[in-house]
Amino acid sequence: MIAFLSQFFLSLALMLCLMGSGLGFYKIRGVFSHGPAVPLLKAMERNAVLIFALVLLAFAGLAYSFAISDFSIRNVAENSNSILPLPFKIAATWGSHEGSFLLWILMFSGWMMALALSRFEVTACFKVRVLATLQLVMIGFLLYLLIASNPFEYLNPAPVEGRDLNPLLQDIVMIIHPPMLYMGYVGFGVSFAFAIAGLLEGRFDMTWARWSRPWANTAWGFLTLGIMLGSWWAYRELGWGGWWFWDPVENASLMPWLAGTALIHSLAVSEKRGALRSWTLLLALTAFALSLLGTFLVRSGVLTSVHAFATDPRRGVFILALLFAVVGGSYVLYALRTREVGSGGEFTATSREALLLSNNVMMSAALVTVMLGTLYPLAVEVLSQRKMSVGQPYFELLFVPILLPALILMAFGPESRWKDTRLAKYAKPGVWALGFAGLALLGSVVLYSHFSWVWAFGLVAAAFLAGGTVHHAVQSIRKIGESQPNSGLWFRINRLSLSYWGMIIAHLGVAVFVIGVGWTKTFEVETDAVLKPGETSQVGPWRVTFLGVDNITGSNYRADAGVFELTKGVGNVIYLLEPEKRQYASSAQAMTESAIHTDWFSDVYVSLGESVQSDKAGQQASAWGVRLYYKPLVNLIWIGCIIMALGGFLTVFDKRYQSRKKSGATVTGEVNA
């Protein structure tokens with residue numbers, strides 16, 4: 001009954017989307033009487049709320065089916081088990097292809113409802129077009145779910161027991177990683193809908209950019225956190241000690257992030273100066289298009305990855321058709337109407353607009369680099385039936401040199417002025433930032449007695465960015481103090497807008513991230529050893545002593561847990577680590593659970609391998625293969641991403657994004673506008 005009702009709710013949501021998008025586009029063109037657009041807007045807003053409620057009920061039905069282990073539903077039987085812990089049963093709701101796509105639709109409808117309930121100063125006609133666009137896109141999602149990927153398909157007879165959730169997904173991070181990632185993916189759909197509405201109206205002004213910007217920043221912040229959590233999960237769970245492998249599915253999330261980064265910078269220019277209009281529209285379309293492309297790559301069966309969903313490639317045809325319809329139609333509209341939009345105001349080569357445009361060009365170049373490395377092997381396989389791969393050396397050789405100059409430009413961004421900036425304006429912060437970067441590099445070389453050009457360039461660029469950013473923040477606070485001498489520090493900080501502080505914090509997050517990446521890749525140590533109980537191996541400054549193996553039993557697995565003692569320095573600091581080799585009862589799959597000791601400056605990472613037998617003095621002694629890693633400053637990677645996301649979220653609360661009207665959108669539009 002629950003499965004039947006859930007499918008019924010999804011079907012009702014589809015009918016409401018058909019009605020809402022059809023009525024919105026049909027009536028707004030003036031086919032009906034030329035009355036005010038506000039009643040139509042109210043109807044569209046109520047429709048969006050009802051759609052979200054119906055999808056939420058359907059999702060709750062699937063989650064409940066997993067919680068009670070209803071194996072009469074194929075999706076539950078194939079991705080859960082009665083002895084699976086309850087938190088992982090809930091995570092299994094989106095651990096399959098079908099469930100994850102239902103989560104995608106839930107997130108999309110949630111963004112649509114939030115937009116419907118928000119009050120911002122655009123015409124009623126414009127907001128109707130935005131909501132109608134979102135509901136039109138959702139029609140394709142719901143049709144795909146109901147026709148080609150039904151999460152409520154019955155099994156008759158129902159099995160007594162389920163197969164179990166993939167052990168790789170039985171991790172606490174996987175409970176929050178997919179929702180965060182999807183919030184970012186589908187969030188760019190709002191910017192996409194704003195762009196389509198602007199193109200349909202044939203105009204693009206600063207009001208459009210102003211009210212689109214907080215939605216784009218929020219989506220970018222969620223996507224940043226989602227990618228960070230996925231990277232952290234891979235680092236902790238896969239046992240190879242790395243945080244990014246340039247896996248095609250990882251790249252599928254990186255591409256919309258790069259486009260989104262360019263978009264939020266371009267929106268800042270369009271909001272303040274009305275410039276880069278065509279750029280902004282194109283990036284809004286592209287960010288969402290790449291989110292759909294990532295959906296195709298992960299769910300079509302064309303990729304083999306631990307991140308991908310193993311699924312029937314025929315489903316990919318449906319997603320590909322949806323991709324071509326949404327992306328192709330939007331780009332055709334852009335080509336037809338972009339001349340009416342125009343490019344915006346003029347500016348000099350040294351202005352803030354020019355710096356942000358340069359940032360967009362570099363982000364776009366990095367995006368093309370990642371896209372070629374990801375899609376070219378797929379094209380070769382389709383055309384020649386020959387498998388090939390593009391590995392880490394390609395991406396690092398091309399991607400890193402493109403983005404390092406962008407860090408330098410980011411340092412000068414806050415110092416620049418709109419329309420025109422004298423070159424002398426950049427001299428003082430440039431010298432200040434160079435000094436900061438030089439001290440950081442010199443101190444690091446002295447401390448580690450090591451030099452690498454890649455590390456040096458990354459450290460200098462990151463330190464330059466941090467120095468320039470901090471310098472501008474200090475100068476801004478000082479200027480307010482000069483104009484109001486008796487004001488306190490908190491008053492001066494509060495006088496600067498949240499958008500400004502969001503920019504400062506996000507830029508500092510980038511600097512922290514780059515330092516973490518450069519330091520980890522340059523100074524990490526990897527050691528493979530075969531140890532018997534009582535034997536010791538060295539990794540970085542740590543001594544690792546193998547004490548033995550215990551047998552433990554978990555809720556749905558049995559494991560061999562190695563016990564390792566970490567000692568460091570004269571003080572003989574001792575920590576215990578217990579990596580595991582797990583055997584899951586239901587699926588009989590073996591998994592490695594690494595153990596990680598984290599302090600402020602480094603990680604010690606221990607992964608337990610296979611047991612071996614060694615003959616010594618005529619006796620059989622058990623030994624174990626062990627992989628050890630020393631990862632200095634690796635935590636700065638995660639901390640930097642969190643700081644970046646915080647900067648993105650902070651801009652949303654800027655006062656200028658709070659509507660001055662108490663109710664409703666601006667009601668200047670008519671039905672035939």
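**Aromatic rings and the core**

In this predicted model, the count of aromatic pairs comes to 31. A pair of aromatic rings is described by the distance of the centres and the angle of the planes. The rings of F192 and F288, for example, have centres 5.0 Å apart and planes at 45°, and because an angle from 30 to 60 degrees is neither stacked nor edge-to-face, the pair counts as tilted. F192 belongs to helix α7 (residues 173–201) and F288 to helix α10 (residues 277–299), so their pairing ties together parts that lie 96 residues apart in sequence. Both rings are covered: F192 is buried, with a relative accessible area of 5%, and F288 is buried, with a value of 0%.

Another pair is made by Y605 and Y629, whose ring centres are 5.2 Å apart and whose planes stand at 85°, so this pair is edge-to-face. Y605 sits in strand β9 (residues 602–616) and Y629 in strand β10 (residues 619–632), 24 residues apart, and both residues are buried.

F192 and F288 are also members of one aromatic cluster, which includes F141 and Y144. Of the 165 residues in the largest nonpolar core, F141 and F194 touch the most other members. Leaving aside neighbours within four places in sequence, F141 is in contact with F101, W104, I105, F108, F288, L292 and L322. Apart from this core lies another, of 17 residues, among them A595, L608, V626 and L628.

Turning to the whole protein, there are 18 helices and 10 strands, and 56% of the 673 residues count as buried. In helix α6 (residues 124–147), 20 of the 24 residues are buried.

Technical notes: Residues are numbered from 1 along each chain as its sequence is written. This is a predicted model: local features need pLDDT of at least 70, side-chain atom pairs count only at pLDDT 80 or more; totals for chains, interfaces and linings use all residues. Side-chain values use heavy atoms; hydrogens and water are left out. Helices (H or I, at least four residues) and strands (E, at least two) are DSSP runs, numbered from the N terminus. The expected span of a helix is 1.5 Å times one less than its number of residues. Buried means under 20% relative accessible area, exposed over 50%, partly exposed in between (1.4 Å probe, protein chains only). A nonpolar core is a set of buried Ala, Val, Leu, Ile, Met, Phe, Trp, Tyr and Cys residues joined through side-chain atoms within 4.5 Å. Contact means heavy atoms within 4.5 Å. Rings of Phe, Tyr and Trp (its six-membered ring) pair if their centres lie within 6.5 Å; planes under 30 degrees apart count as stacked, over 60 as edge-to-face and the rest as tilted.
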